[in-house]
Each structure stands twice: as structure tokens, then as C-alpha cells.
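Visitor: I would like to learn how to read a few local features from a structure. Could we take them one at a time?

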Amino acid sequence: MTFPPLGTAKEDLDTPALCIDLDALEANLAQAAALCRQHGVAWRPHAKCHKSPDIARRLLEVGAIGLTCAKLGEAEVFAAAGISDLLVANLVAGPRKVERLVALRRKADPIICIDHIEQARPISRAMQAAGLRVRALIDIDIGMQRTGVAPGKPALELAKQVTELPGIELAGVMGYEGHLLLIEDQGEKAARICAALAQLVETKERLVAAGIACPIVSCGGTGSLPFAAQQPGITELQAGGVIFMDAFYRHKCRLEGFRYALTIVSTVVSRPASDRAIIDAGRKTMNMELHLPLVMDREDVQVLRLSAEHGILTLGPAARDLKIGDRLEFVPGYADFTTVLHNHFYVLQSGRLVDIWPLTARGRVD
Ligand SMILES: Cc1ncc(COP(=O)(O)O)c(C=O)c1O
């Protein structure tokens, strides 16, 4: 693929184009970092939404202590880019994965998660054989019913077993309150998140009372960021998607105060009816699972549905003059599921292309 030269105007980019507004991105980075600082909690932003070493470096520059990764493969990419402090907020299981974890440990200082002793034993053996130690968090189910050992006594029992294994250094606990993001009433949302996260902190206290060091208490997503940041006893937050903001976070999670930094620029390719336009961006370009994409600056145009390579728009009376070749810009429904459809971000400032950042960890679901 031939890239457009730097300096190209946004309106001259071929479409569909995944664009970052650099000023908005930097404002979001600064705001999220300031929020964490204000509450005395460290920020280890999830990298699954951007998969980009260029963005990762900017996050570290504004004060992130490291990154959270969804998979070992993502962590390998960031380690290769020189980033060492990487939480793999997932379980590592299977001999090939354990081999890769050892290789990763030689280059970086990852933290893995454990919710069962059967994940820990092979990792312990492999680390010991390699003369290495890897940090681990006990993954605790605080109500999401995905992964995680139950809080309290079961977590303590697992922690005790893990501390007896050579090659693993127990570094703390983590949990994710992802089941509480959509609660509409903000008072109820605050109370439920507080109760869920309190289970993490109480479990940490049990571990400490049993003589087990537990320096890290990690949680937090973008959809719960303001609440998780205020929770006493939490030491670090994993919120990542906040750097882009999107329709899901704004309208379903009701997160306020961050700018839309990620957009899709597309072209009208057909006008089959006066109230319908078709664009060159469908489901293989943007995502509609959690929220439909929003049309920027045009309330008279709405996404009706997406097929694979076509976006079907409904036009209000004021938009009937939309023509083939006109361009529209969209805020993704959910940035996380949108970015991974693309190979690179076009980075724009004042409407001009200033950089192109590859999504180097795209496809690293391994
Ligand atoms: C373990 C974990 N932490 C944090 C998050 C929050 O990520 P984000 O802030 O990008 O929504 C997620 C989202 O899926 C997650 O699975």
C-alpha cells in the first residue's frame, strides 16, 4: 500500500480512513493521567484498544507506569518495542504459551494472572528451569463471572499455594468490574462498583494479614473510570479505551469529559433513495456491536445498519442534498472493536496528516 505524504489534508485521504485527532488524543491522555494522579492511583492503560507502540510511548511519557495487555502476543509486541512493565490481564495456559512467557521474561518484566493453581505449576517449573521469576496477580471474580477465583478465603488459599512455588513472585490481586458499566443510575453505579472493588481490597487485606505481600491492587475500565479512581485501596487502573473515547463509553457508560479522538472518514458511494445514502464503510471498517457509529457534526444523518462493506445511512430532510463523493466522518460505536479492523492510524493535526502509526499488535490474539 502506498501511503499519502505527510501534510496531506484530511479531505484528500482515500477512504475509509481510520483517523486520530492528535490534539484530542493528547488532551485525553493528559486528562486521564491527571485523574489518576489526583486520586493517587497509578495508571497502567490497557493497550488492546490501540495495539500501537507509538501510542504506548506517549502513554508512558504522560506518566503511565506500564501497559495492560489482553494477550501474551500483545505483550510480545510491546516488549519488542522496548516496553518492559507489562500486565497480561489474562491466564497463560498450555506448554507453548509457557515457553513464550519464559522468552518474554528474558526481555521484559511481565506480570501474569492466575486464578487456579494448575496455571501456576507449569509456569513455576519453566521459570525455575530457566533461572527466572515472573510476577503474578491473583485474578479475582468480583461479580463479572468471567475468570477469577472467588474473593476472600478461596483467593487467600490460592495465594498461599502460589507463594510456595519457586519462579513466581506474587505481586498482588486484580479484578475487573466489567459487569457494572451499563448501570444507568449513576448513584447506583457508584455504589455497586464500590462494593465490587471493596472485595478486591478486602482480599488484599486478608493476604497481608497472612503475611503475603500484595503491593498491587489492579482494576478499572474506561466505563467505570471515575468510580474506580476514587476507590480507596486500589493501586493501579487498567482503563485504556478512554484515550479514544467512543459512542459506547459516552452514551452507554455515560463517561463525560473526554474528546472523540478516533474517527472513520468515509465516502458516499451511492444514493439509491432520497432518504438513503450508502457509504464505503461497513462492518469490516467499523463496529456496531455495542453501539452504532455516530455521524460527526450532522444530526440529520444516522447509521441505519452496516453490512460487510457498506454503511446504510438514513437521511433527514436537511440531508437530502448529500451527493455521491461527499465525505462523512464517524465516531466508532466501540473503538476497541473498530481499530483492530485496520492496519494503521492516520494521525492528523489541524486537518493535516502528521504521522502514520501502525497497529503493530493487530492480529496478536495469541
Ligand atoms: C481485564 C480488563 N481490564 C480492563 C478493561 C477495560 O478496558 P477499556 O478501558 O479499554 O474499556 C477490560 C475490557 O475489556 C478488561 O477485560
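Guide: What follows goes through the ligand site, some backbone features and a few buried side chains. Keep in mind that this is a predicted model.

Visitor: Let us start with the ligand. Which residues are around the ligand?

Guide: A residue belongs to this shell if one of its heavy atoms lies within 4 Å of the ligand. Here the shell consists of His46, Lys48, Arg146, Tyr176, Gly220, Gly221, Thr222, Gln238, Ala239, Gly240, Gly241 and Tyr249. By residue class, three are nonpolar, seven polar and two charged.

Visitor: Which residue has a polar side-chain atom 2.6 Å from an oxygen atom of the ligand?

Guide: For polar contacts, look for pairs of N or O atoms within 3.5 Å. Thr222 has a polar side-chain atom at 2.6 Å from a ligand oxygen. The side chain of Tyr249 also places an N or O atom 2.6 Å from an oxygen atom of the ligand. With Gly241 the backbone is involved: one of its N or O atoms is 2.8 Å from a ligand oxygen.

Visitor: How much of the ligand does the protein bury?

Guide: Compare the area of the ligand alone with what the protein covers. The ligand taken alone exposes 400 Å², and 91% of that is buried by the protein. The space that the ligand takes is the largest pocket.

Visitor: Now the backbone. Where is a cis peptide bond found?

Guide: Read the omega angle of the bond. Between Thr15 and Pro16 omega is about -5°, and the peptide bond is cis. Pro16 is in the segment before strand 1, which spans 17-21, and Thr15 is in that segment too.

Visitor: Is Thr15 buried or exposed?

Guide: The cut-off for buried is under 20% relative accessible area. Thr15 has 15% relative accessibility, so Thr15 counts as buried. Its side chain makes a polar contact of 2.6 Å with the side chain of Thr267, and another of 2.5 Å with the side chain of Asp280.

Visitor: What about phi? Which residues other than glycine have a positive value?

Guide: Check the sign of phi, then see where the residue sits. Gln145 is one of them, with phi near 60°; Gln145 is in the loop between strand 6 (134-139) and helix 6 (153-163). Ser350 is another, with phi near 45°, in the loop that runs from strand 16 (344-349) to strand 17 (352-358). A glycine can be read in the same manner: Gly63 follows helix 2 and has a positive phi near 115°.

Visitor: Are Gln145 and Ser350 buried or exposed?

Guide: Exposed means over 50% relative accessible area. Gln145 is at 69%, so Gln145 is exposed. Ser350 is at 72% and therefore counts as exposed.

Visitor: You mentioned helix 2. Which of its residues are buried?

Guide: Apply the accessibility cut-off along the helix. In helix 2, residues 53-61, the buried ones are Pro53, Asp54, Ile55, Ala56 and Leu59.

Visitor: Last, a charged side chain. Is Arg135 buried or exposed?

Guide: Begin with its place and accessibility, then list its partners. Arg135 is in strand 6. With a relative accessible area of 14%, Arg135 is buried.

Visitor: What does the side chain of Arg135 reach at 2.7 Å?

Guide: The partner at that distance is the backbone oxygen of Asp109. The Arg135 side chain also has a polar contact of 2.9 Å with the side chain of Asp85.

Methods. Residues numbered from 1 in each chain as written. Predicted model: local features only at pLDDT ≥ 70, side-chain atom pairs only at ≥ 80, totals over all residues. Heavy atoms only, no water. Polar contact = N/O pair within 3.5 Å; in protein donor to acceptor, adjacent residues only side chain to side chain. Areas by Shrake-Rupley, 256 points an atom, 1.4 Å probe, with all protein chains shown as cover. 1 Å grid on protein atoms, 1.4 Å probe; cavity = no way out; pocket = protein on both sides within 12 Å on 5 of 7 lines; lining within 4 Å. Sits in = over half its atoms within 2 Å of the grid points. Nonpolar A, V, L, I, M, F, W, Y, C, P; charged D, E, K, R; others polar. Helix = DSSP H or I, 4+ residues; strand = E, 2+ residues; numbered from the N terminus. Buried < 20%, exposed > 50% of the residue type's maximum accessible area, 1.4 Å probe, protein only.
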